[in-house]
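User: I would like to go through the fold of this model, beginning with one sheet and ending with the whole chain. Please keep the answers short.

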Amino acid sequence: MVEDGPRYNDIDMEIDARVEGLLARMTLAEKVGQLVQITPDMTPDLDARLKDGRIGSILSFHDLPRINRYQQIAVEESRLGIPLIVGNDVVHGYRTIFPIPLAESCTWDPPLLERAARVAAEEASAAGTHWIFAPMVDICRDPRWGRIAEGAGEDPFLGMALARARVRGFQAGDLASGRRIAACPKHYVAYGAAEAGRDYNTVDISERTLREVYLPPFEAAFEAGAGSVMSSFNEIAGVPATANPFILRTVLREEWRWPGVTLSDYEAMRELIPHGLAADLKDAARLSMRAGLDMDMVSDAYAGYLDALVAEGAVPVSLVDEAVRRVLRLKMRLGLFEQPYTDETLAAGIVGRDDFRDLALRVARESMVLLKNEEELLPLSPGDRSIALIGPLADNRQDLLGTWAALGRPEDVESVREGMRSHLGDHGRLTYTRGCPIAGDGPADIGAAVAAARAADVVVLVLGESEAMSGEAHSRSHLGLPGRQQELVDAVAATGTPLVGVLMSGRPLVIPRLAAQVGALLAAWHGGVRAGRAVADILFGAANPSGKLTASFPRTEGQIPIYYAHKNTGRPPEGGGTRQFEEAYKSTYLDEPNTPLFPFGYGRSYTTFGYRDLKVETPTVGRDGALVVSAVVRNTGARRGDEVAQLYVRDLVGSITRPVKELKGFQRLTLQPGEEQVVRFEVPARQLGFVGLDMRYVVEPGAFKVWVGPNSAEGLEGEFEIA
Ligand code: GLC
């Protein structure tokens, strides 16, 4: 939120003096060169352009000997020797692939995610990457959108906490390579609000929603020191982000005074033409530079037209200088001038290290969410029961890597089948039947699956999506189990053998039927290289699940967008009526309740937790004070477990209507059986405000409700007021 006084003014006098000195010696062509990013294999006359200083960055490139060779041309054969900066998508791991970021977010464990990001930086940096196009911090409340897989779910407060942690991890200062990595939060901004959940589609939201929901994770990333940001493909209220002066100048530079580099997304500048904003590529270059977009990813708009635009007076050279300063400063702060090359012997001892894979296992375990466990069907006791393992993701490696899996390799992945076999050893009776393909009407062996189910004491169904069904340009309008998977479930369920469901997906799916048919249900997501072991550890009780949803599971696509922090409206269904005919003329549907199948913050454990003794220690909170609330959380079950206690508030009356709940705190607790802890939250009053009528952040006096509990749908309730 905008506060007065200088922000992000991390001017490093020594570096800025060096930048000025270098800038003063640069020709216009060399300045433009710093604003050009290309992919080597799609760039003819690359060596010549490097020698002329007309390329500033390369991306999506991992061939280290060639990186060093290109760097040598830039540094030793060009006139000024300005090093290249190499950028890559390292979204949830480089070679050691962690669970997809949406899964990671279900850990609610910022320190753990910082460690995971640091592992990605260690591997990427050792392999010649200087710039990581992550974290993806787009808030998303629409699981039709394939890129929900890459983010941290629906809530800005959690999104801010995880954005800070990931930026700190990516930009860690003591990497083995001896150099730092620059993070690049993306996609700036509101890309996750695409209408109808269709990728690249129009975004038309209010400035207030932009400021309250979609901008905060970027501000948090900048507070953590992120050195760059990537503009998004979408328009916002008619102006595409890549040439949008409001978000690129007014917010970033004037309000936040953020000094980092703005990078376009892939050919986003050229896309201004089909958007209907630019008449041609030259116009796109003009609009983007004037709006404050520093570096052009691959569209060659700047390379082709920026010097002519300056010569014609259509773009002041001062804007080009401003952009070049930011790029040079970034390169200097990364140490690229002092250490432009990467030691090619380094990666062998770093990439794919066992301890990195161990961490990936821990993250996978903590990311999985136990959604149902009737009669304690789980954990399974290995060995004394015959298990029929069924489903198209049970003996699968490739899809467990998930979308944007960088240099991840299927051979590094442990499948669920292997994970379970490692628990059962040779004596365990485990049969495996695929049952049907993930999608399509290809050959299925549902009959064999039914026979296996009949012969077993319990069935473990491993179902869900292929990695190609989520991520960029992979939105889905039907969110049920793809292909013939539900048909498989129906046939296996008819045998009456108890069912355990394991869902491996890149998004929340619409699975009310499956949820009713299984006795236990685990959302395992696309869990990375150790997903199979993590699933087996949880199914056999070696790990106690602690994940909590960060994106609501809809009952049906018709409820979307669906999220916990919704407004109350003038006609809320107060009587708990869940359908129109129970409470006439209320904001409800005729055919479904308003509530999700599984809500934000929800996740079960193999133990149980009780909450009691809510204490609002500050019934009246001063504007400069803080809300202090505590409660007692007790492990009321028979085994140790982790619980994420959550704090929500509701501002009952404001000059702007407020959501029925907003997350304002969370804490992970580890409790032994019978152990209890006092969980205490301190929320500064300045975090209890909102964007007011004048679009400035404001904290208003008035009455609030507060909850402490296990998820967004339940908890101990109290009240307080802001004086
Ligand atoms: C892609 C994605 C972006 C990625 C970039 C470079 O289209 O939108 O997330 O960083 O291009 O690969």
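User: Which residue in β16 is the bridge partner of Val369?
Analyst: This is a predicted model. Strand β11 covers 369-373, and 4 bridges join β11 to β16, residues 520-523, with the two strands running antiparallel. The bridge partner of Val369 in β16 is Ala523.

User: Which strands are the edge strands of the sheet?
Analyst: The sheet is open, has 6 strands with mixed pairing, and follows the order β11-β16-β15-β14-β12-β13. An edge strand here pairs on one side only, and the strands in that position are β11 (369-373) and β13 (430-433).

User: What is the average twist from one strand to the next?
Analyst: The sheet in question is the open one of 6 strands. From each strand to the next, the twist averages 15°.

User: Which helix lies across β14, β15 and β16?
Analyst: Helix α18 (residues 485-493) also packs on the sheet, but touches β12, β14 and β15, with its direction at about 170° to that of β14. The helix across β14, β15 and β16 spans residues 531-539 and runs at about 150° to β15, and this is α20.

User: What is the radius of gyration of the protein chain, and how does it compare with the globule rule?
Analyst: The chain contains 20 helices and 26 strands. For 723 residues the globule rule gives 27 Å, and the chain's value is close to that, so the chain is as compact as a globular protein of that length; its radius of gyration is 26 Å.

User: What percentage of the residues count as buried?
Analyst: Buried means under 20% relative accessible area. Among the 723 residues of the protein chain, the share that counts as buried is 61%.

Methods:
Residues are numbered from 1 along each chain as its sequence is written. This is a predicted model: local features need pLDDT of at least 70, side-chain atom pairs count only at pLDDT 80 or more; totals for chains, interfaces and linings use all residues. Side-chain values use heavy atoms; hydrogens and water are left out. Two strands pair if DSSP finds at least two bridges between them. Axes are lines fitted to C-alpha atoms, for helices over the stretch in contact, and angles run from 0 to 180 degrees between N-to-C directions. Contact means heavy atoms within 4.5 Å. The radius of gyration is taken over C-alpha atoms; the globule rule is 2.2 Å times the number of residues to the power 0.38. Buried means under 20% relative accessible area, exposed over 50%, partly exposed in between (1.4 Å probe, protein chains only).
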